[in-house]
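Please open the model in your viewer and keep the sequence panel visible beside it. The stops below are given in the order in which they may be selected.

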Amino acid sequence: MARNFYPLGIQTFERIRTEDRFYVDKTEYIYNMVHTNGVYVFLSRPRRFGKSLLVSTLQSY
């Protein structure tokens with residue numbers, strides 16, 4: 001049985017995918033962010049809640 005591990009400390013989408021780590025799919029949210037009429041997106045989240053990973057995912061998108 002293959003074991004996927006949590007991406008603790010990894011903040012780039014590309015590395016998570018190439019190392020076959022767990023990733024919570026946020027495609028729906030990314031699609032909504034990209035296709036809104038707003039100029040700015042404010043990411044109000046506490047520390048260590050995936051802001052950098054979300055930005056990296058947007059870059060890969």
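Begin by selecting R21 and E19, whose side chains meet in a salt bridge with an N to O distance of 3.3 Å. The model is a predicted one, and the distances quoted on this tour are computed from it.

**The charged network**

Keep E19 selected and add R15. The side chains of E19 and R15 also meet in a salt bridge, here at 2.8 Å from N to O. Because these salt bridges share partners, R15, E19 and R21 are joined into one network. By the rule applied, the count of salt bridges comes to 2. As background, side chains of opposite charge can pair when their charged atoms come close.

Now switch on the surface around these three residues. Are they buried or exposed? R21 has a relative accessibility of 23% and counts as partly exposed, because that value lies between the limits of 20% and 50%. E19, at 35%, is partly exposed, and R15, at 41%, is likewise partly exposed.

**The nonpolar patch**

Next, select Y6, L8 and F22. Together they make a nonpolar surface patch of about 410 Å². Within this group, centre the view on Y6, which is found in the segment before helix 1 (13-18). Why does Y6 count as exposed? Its relative accessibility is 60%, and exposed means over 50%, so Y6 meets the limit.

**The largest pocket**

Clear the selection and turn to the largest pocket, which holds about 490 Å³ of space. Of the 17 residues that line this pocket, I10, R48, F49, G50 and L53 are the closest to its centre; selecting these five is a convenient way to find the site.

Then select helix 3, residues 51-60. Helix 3 gives the largest share of the pocket lining, namely 3 residues. If the lining is coloured by residue type, it divides into 10 nonpolar, 4 polar and 3 charged residues.

**The whole chain**

Finally, zoom out and display the protein chain as a cartoon. What secondary structure does the chain contain? There are 3 helices and 0 strands, and reading along the sequence gives the pattern α-α-α. The C-alpha atoms fill a box of roughly 45 × 25 × 15 Å, taken along the principal axes. To close, colour the chain by accessibility: of its 61 residues, 15% count as buried.

Technical notes: Residues numbered from 1 in each chain as written. Predicted model: local features only at pLDDT ≥ 70, side-chain atom pairs only at ≥ 80, totals over all residues. Heavy atoms only, no water. 1 Å grid on protein atoms, 1.4 Å probe; cavity = no way out; pocket = protein on both sides within 12 Å on 5 of 7 lines; lining within 4 Å. Points joined across faces, edges and corners; volume = space filled by probe spheres on them. Helix = DSSP H or I, 4+ residues; strand = E, 2+ residues; numbered from the N terminus. Nonpolar A, V, L, I, M, F, W, Y, C, P; charged D, E, K, R; others polar. Patch = residues over 30% accessible without salt bridge, like charges linked within 9 Å, V, L, I, M, F, W, Y side chains within 5 Å. Areas by Shrake-Rupley, 256 points an atom, 1.4 Å probe, with all protein chains shown as cover. Salt bridge = Lys/Arg side-chain N within 4 Å of Asp/Glu carboxyl O. Buried < 20%, exposed > 50% of the residue type's maximum accessible area, 1.4 Å probe, protein only.
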